[in-house]
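Hi,

Here is the structure I said I would pass on. Have a look at it first, and then read my notes on the pockets, the cavity and the ligand below.

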Amino acid sequence: MSLAELRDAAAGCRNCGLYKDATQTVFGQGPSHARIVMVGEQPGDQEDKAGEPFVGPAGRILDKALAEAGIDRSTVYLTNAVKHFKFKPAERGKRRIHQQPNRTEVVACQPWLLGELSEVEPELVVCLGAVAAKSLLGASFRLTQHRGEIMDLPDTKSKVTATTHPSAVLRAENRDEVYKGLVADLVTARRSLKNAP
Ligand code: URA
């Protein structure tokens with residue numbers, strides 16, 4: 001299937017129960033033959049409403065980190081391991097609190113992610129956080145042990161690396177340090193490209 005066909009099919013996805021409470025499927029976005037695909041965890045509150053990945057607070061951190069690492073966001077295909085927002089309502093008020101997708105939900109969503117990767121055929125896949133990394137590299141993958149390493153992505157011609165999720169920067173006590181680690185990993189990612197820009 002082409003990216004457009006995948007997007008249309010994913011819009012009606014019922015592979016798991018997350019479609020019931022989410023506003024819409026948030027499919028990937030970016031050039032169809034991007035050299036880099038970045039994979040986040042799942043859309044957040046703002047992405048769920050907008051229907052686009054990384055447009056909320058995590059997206060703003062990612063934008064800043066990409067700019068510092070010398071990567072032009074408009075050249076990157078951005079997507080998520082899980083394409084519906086998983087949340088629970090706050091006890092009071094209307095806020096929706098993010099909940100991490102479980103393994104069943106991640107696996108249910110894999111056909112869309114793998115479809116995107118086989119269409120885009122990127123040189124490098126950058127997993128943002130452990131959920132994305134485990135979706136592509138297996139449940140036993142440990143981000144703490146392999147962060148920033150450039151590896152082969154099994155069954156593809158792509159390389160893969162995994163780094164910190166931009167939201168982890170927002171949550172960290174040592175924000176500056178975590179942010180610098182993210183930027184350093186993105187620089188490593190850029191330099192790993194052939195004829196690195
Ligand atoms: N966090 C993600 O992992 N993906 C998004 O699209 C937004 C926030």
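The lining of the largest pocket splits into 13 nonpolar, 13 polar and 6 charged residues. Bear in mind as you read on that this is a predicted model.

That pocket has a volume of about 730 Å³. Its lining is made up of 32 residues, and those nearest the centre are Ala-58, His-98, His-165, Ser-167 and Arg-171. If you want to trace the walls by element, the ones that give two or more residues to the lining are α2 (45-50), α3 (57-69), β4 (96-98), α5 (130-137), α6 (143-146) and α7 (166-171). Of these, α7 gives the most, with 4 residues.

Now for the ligand. Where does the ligand sit? The space it takes is the largest pocket. The residues around the ligand are Gly-40, Glu-41, Gln-42, Pro-43, Gly-44, Glu-47, Pro-53, Phe-54, Ala-58, Asn-80 and His-165. Sorted by class, that shell has 4 nonpolar, 5 polar and 2 charged residues. Ala-58 and His-165 may ring a bell: they are among the residues nearest the centre of the largest pocket, and they are also part of the shell around the ligand.

Here are some polar contacts to look for on screen:

- A nitrogen atom of the ligand lies 3.0 Å from a polar backbone atom of Gln-42.
- Phe-54 also offers a polar backbone atom, 2.9 Å from an oxygen atom of the ligand.
- With His-165 it is a polar side-chain atom, and the distance to an oxygen atom of the ligand is 2.7 Å.

How much of the ligand's accessible area does the protein cover? On its own the ligand has 230 Å² of accessible area, and the protein covers 94% of that.

On to the second largest pocket, which holds about 440 Å³ of space. It is lined by 18 residues, with Pro-122, Leu-153, Thr-156, Lys-157 and Ser-158 the closest to its centre. Helix α4 (residues 103-120) supplies the largest share of this lining, 3 residues. By class, the lining of the second largest pocket comes to 8 nonpolar, 4 polar and 6 charged residues.

Last, the enclosed space. The structure holds 1 cavity of 30 Å³ or more, and the largest cavity has a volume of about 80 Å³. To find this cavity, select Cys-13, Asn-15, Cys-16, Leu-18, Thr-25, Val-82, Lys-83, His-84, Glu-105, Ala-108, Cys-109 and Trp-112, which line it. That lining divides into 7 nonpolar, 3 polar and 2 charged residues.

Shout if anything here is unclear.

Cheers

Conventions: Residues are numbered from 1 along each chain as its sequence is written. This is a predicted model: local features need pLDDT of at least 70, side-chain atom pairs count only at pLDDT 80 or more; totals for chains, interfaces and linings use all residues. Side-chain values use heavy atoms; hydrogens and water are left out. On a 1 Å grid over the protein atoms alone, a cavity is a set of points where a 1.4 Å probe fits but cannot get out, and a pocket is an open set with protein on both sides within 12 Å along at least five of seven lines; lining residues have an atom within 4 Å of a point. Grid points are joined across faces, edges and corners, and a volume is the space filled by probe spheres set on the points. Ala, Val, Leu, Ile, Met, Phe, Trp, Tyr, Cys and Pro count as nonpolar, Asp, Glu, Lys and Arg as charged, and the others, Gly among them, as polar. A residue is near a molecule or strand if one of its heavy atoms lies within 4 Å of it. A polar contact is a pair of N or O atoms within 3.5 Å; within protein, one must be able to donate a hydrogen and the other to accept it, and residues adjacent in sequence count only if both atoms are side-chain atoms. Accessible areas come from the Shrake-Rupley method with a 1.4 Å probe; for residues, only the protein chains shown count as cover. A molecule sits in a cavity or pocket if more than half of its atoms lie within 2 Å of its grid points.
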